[in-house]
Amino acid sequence: MPELILPAPLWRRFAASIYDGLLLIGLWMVTLLLICLPLNSLLTLKPGNAMNRGLLLAVGIGFFVWFWTRGGQTLGMRAWRLQVRRSDGALLRIPVAVVRGMAMLIFWGLVLTPAAASVIHRFPSLESLLPQVQTASIVATLSVLLSIIAAQFDGRRRLPQDWIAGSEVVLLPLNPFPAAPKKK
């Protein structure tokens, strides 16, 4: 009898995102070292230019799209027995995975906005933006909290990226590959 597939608890999703974040930072470091630095030298571009940021964004989205369309699990999700899939149980297709990845980056951008706002006082040239940044930080914090509360009341524990992409994250059974029954 197949085991019941349950929605993934939010704490497991967060734990998997920490694993994936660490992997992504490593991937970005390799991208910067092997691609961005040589291109910056060759084209005499300043660090942090739009090309570098665009490349890092593409690598980040590509990381998730690759894993989500091939098995529905990033390495962090695999460690925590999570799988992202469409609401009908099928794997995500590339366009849906890209939309989900972009929505996820926006969500995590909102999560990290208060941290970014807390360091703005260290940059005197940005002091004039402090009231707008504080307002943005409050709005971002409220948006994230409302999203998490809404996910708790949603039967499938979906976050904004899941609502937008029509996906869900599920907790896989402890043994997804049970042994074949013994023959007599």
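**Notebook: surface, burial and salt bridges**

I began with I18, which counts as partly exposed because its relative accessibility is 42%. I note that I am working from a predicted model. I located I18 in helix α1. I then looked up its surroundings on the surface and found I18 in a nonpolar patch with F14, Y19, L22, I25 and M29. Together these residues have about 630 Å² of accessible area.

**D20**

I turned next to D20, which also has its place in helix α1, residues 10-43. Which side chain of opposite charge is nearest to D20? I found R100, at 8.6 Å, and recorded that D20 is buried yet has no salt bridge. I then looked for a backbone partner: a polar atom of the D20 side chain lies 2.8 Å from the backbone nitrogen of G76. Leaving aside residues up to four places away in sequence, I listed the contacts of D20 as F63, F64, T74, L75, G76 and M77.

**Salt bridges**

I recorded 6 salt bridges in the structure. One of them joins the side chains of E168 and R85, at 3.2 Å from N to O. This pair links distant parts of the chain: E168 belongs to strand β3 (residues 167-171) and R85 to strand β2 (residues 82-86), 83 residues apart. I checked burial at both ends. E168 counts as buried because its relative accessibility is 7%, and R85 counts as buried at 19%.

I next examined D88 and R86, which form a salt bridge with their closest N and O atoms 2.8 Å apart. Are these two residues buried or exposed? I found D88 exposed, since its relative accessible area is 57%, whereas R86 is buried, with a value of 18%.

For R158 and D154 I noted a salt bridge in which the closest N and O atoms are 2.7 Å apart. R158 counts as buried at 19% relative accessibility, and D154 counts as buried at 13%.

I also entered a network of salt bridges that links R13, R100 and D162. R100 had already appeared in my notes as the nearest side chain of opposite charge to D20.

**S125**

I closed with S125, which I placed in the loop between α4 (94-118) and α5 (130-153). S125 is exposed because its relative accessible area is 65%, and exposed means over 50%. I then compared its position with that of C36: the two residues are 89 residues apart along the chain, and their C-alpha atoms are separated by 27 Å.

How values were computed: Residues numbered from 1 in each chain as written. Predicted model: local features only at pLDDT ≥ 70, side-chain atom pairs only at ≥ 80, totals over all residues. Heavy atoms only, no water. Helix = DSSP H or I, 4+ residues; strand = E, 2+ residues; numbered from the N terminus. Buried < 20%, exposed > 50% of the residue type's maximum accessible area, 1.4 Å probe, protein only. Lys, Arg positive; Asp, Glu negative; His and termini not counted. Salt bridge = Lys/Arg side-chain N within 4 Å of Asp/Glu carboxyl O. Polar contact = N/O pair within 3.5 Å; in protein donor to acceptor, adjacent residues only side chain to side chain. Contact = heavy atoms within 4.5 Å. Patch = residues over 30% accessible without salt bridge, like charges linked within 9 Å, V, L, I, M, F, W, Y side chains within 5 Å. Areas by Shrake-Rupley, 256 points an atom, 1.4 Å probe, with all protein chains shown as cover.
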